[in-house]
Amino acid sequence: MYKIAVCDDEEFICTKIEQTMVHYGERYGLELKICVFYTGERLLQALQDAEGCFDLLFLDIGLRSMNGISVAEVIREKMGNEEMLIVYISGRQEYAMQLFKTRPMDFLVKPVSREELIAAFLKAKKLLDRGNEMFEYKVKNIYYKMPYSRIFYFQSAERKIILYYDNGRTEFYDKLDNIAKCMNQPGFWRIHKSYLVNSRYVVACGYEALTMMNGDELPISQSKRREMRKMLLDVRKEKIRGYKICD
């Protein structure tokens, strides 16, 4: 099941998104649960209650009482919810620089077409499905699994790998080259001989270093800088990440 929230104070926009998702789900046999909210306050209340656990949020920036950016800041910073994918919807395009710190998946300009809504949902579905895949590692002859979606980055330290994730870190014996070679997850970048990062958790990227969501600043090796610039340009075109690119 894919759980979708829609938050817009214009009823016809909510109805259009809801009907588009319902029809698409019925046509392709997808189980979708859709909840509609007309204020940011009601959405935030739902997220605090048991009823509010969503995979994808279509969020209007121009909400009357509490605007969408403020709502997203509460979701990310105060609630610590990094898993929910956010698609901003607005009648204006000049918000781009304000959106970086809330890490949206996409930005749609009103009037939004049915095709744009479906494309945004399919992009989210791809990311959500990918997040269910697991990384397996061994510590003292015990095998563990962790969703790739929780992993911030891998660091090579002599013969060990340090895996940094949302709740801390763990260590195990392996080589980063082995992990990178077997990695079948798009979005993991080898930025240095000692670092393999999940680009989903990059919040700022410069020429010589990037910053992860947990505040760690990691170096980009000289041999990787040209490759990194190309990937960043590709990401800019696709609009699928929400971090600041420092030119």
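Start with helix α3 in this predicted model: its buried residues are G68, I69, V71, A72, V74, I75 and R76. Those buried positions pack against α2, β3 and β4. At the N-terminal end, N67 acts as the cap, with a side-chain oxygen 3.0 Å from the backbone nitrogen of I69. After the helix comes G80, and its phi is positive, near 65°.

A bit further along, in the loop between α3 (68-78) and β4, you run into E82. Is E82 buried or exposed? Its relative accessible area is 18%, and because buried means under 20%, E82 counts as buried. Its side chain has a polar partner in there: the side chain of R103, at 2.8 Å. Setting aside neighbours within four places in sequence, E82 is in contact with R76, R103, R200 and M213. R76, by the way, is one of the buried residues of α3.

T39 makes a handy counterpoint. This residue sits in the loop between β2 and α2 (40-48), and at 32% relative accessibility T39 is partly exposed. A polar atom of the T39 side chain lies 3.1 Å from the backbone nitrogen of R42. If you want a long-range distance, T39 and G215 are 176 residues apart along the chain, and their C-alpha atoms are separated by 32 Å.

Now for the nonpolar packing. The largest nonpolar core has 25 residues, and I4, I17, M21, L56, F58 and F121 have the most contacts inside it. At least two residues each come from β1 (2-7), α1 (11-28), β2 (32-37), β3 (56-60), β4 (85-90) and α4 (114-131). Which element gives the most to this core? That would be α4, with seven residues. For a single-residue view, take M21: leaving out residues up to four places away in sequence, M21 touches I4, L32, I34, F58, L117, I118 and F121. There is also a second, separate core of 24 residues, and C7, C35, V74 and I86 are among its members. V74 brings us back to α3, where this residue is on the buried list.

Over to the strands. Five of them make an open sheet in the order β10-β9-β8-β12-β11, with antiparallel pairing. Why do β10 (168-173) and β11 (188-192) each have one side without a neighbour in the sheet? Both stand at the edges with a single partner strand, so one side of each stays unpaired. From one strand to the next, the twist averages 20°. At the β11 edge, β11 pairs with β12 (residues 195-198) in the antiparallel sense over four bridges, and W189 has V197 in β12 as its bridge partner.

Then there are the hairpins. β13 (residues 202-205) and β14 (residues 209-212) run antiparallel over three bridges, with three residues joining them as a hairpin. In this pairing A204 stands opposite T211. β14 also pairs antiparallel with β15 (residues 217-219), again through three bridges, and here L210 stands opposite L218. The β14-β15 hairpin has four residues in between, and G215 in that turn has a positive phi of about 95°. In a regular strand, side chains alternate between the two faces of the sheet. For β14, L210 and M212 are on the covered face, while A209 and T211 are on the uncovered one.

Last up, the aromatics. The count comes to 15 aromatic pairs, and two of them are set out here.

| Pair | Geometry | Centre to centre | Angle between planes |
|---|---|---|---|
| F37 and F54 | edge-to-face | 5.9 Å | 75° |
| Y153 and Y195 | tilted | 6.1 Å | 55° |

F37 is in strand β2 and F54 is in the loop between α2 and β3, so this pair ties together parts 17 residues apart in sequence. Both F37 and F54 are buried. The tyrosine pair links distant parts of the chain, with Y153 in β8 (residues 151-157) and Y195 in β12, 42 residues apart; Y153 and Y195 are buried too. Finally, F135, Y137, Y144, Y148, F154, F172 and F188 come together as one aromatic cluster.

Notes:
Residues numbered from 1 in each chain as written. Predicted model: local features only at pLDDT ≥ 70, side-chain atom pairs only at ≥ 80, totals over all residues. Heavy atoms only, no water. Core = buried A, V, L, I, M, F, W, Y, C linked by side-chain atoms within 4.5 Å. Buried < 20%, exposed > 50% of the residue type's maximum accessible area, 1.4 Å probe, protein only. Contact = heavy atoms within 4.5 Å. Polar contact = N/O pair within 3.5 Å; in protein donor to acceptor, adjacent residues only side chain to side chain. Pairing = 2+ DSSP bridges. Axes fitted to C-alpha atoms, helices over the stretch in contact; angles between N-to-C directions. Phe/Tyr/Trp six-rings, centres within 6.5 Å; stacked < 30°, edge-to-face > 60°.
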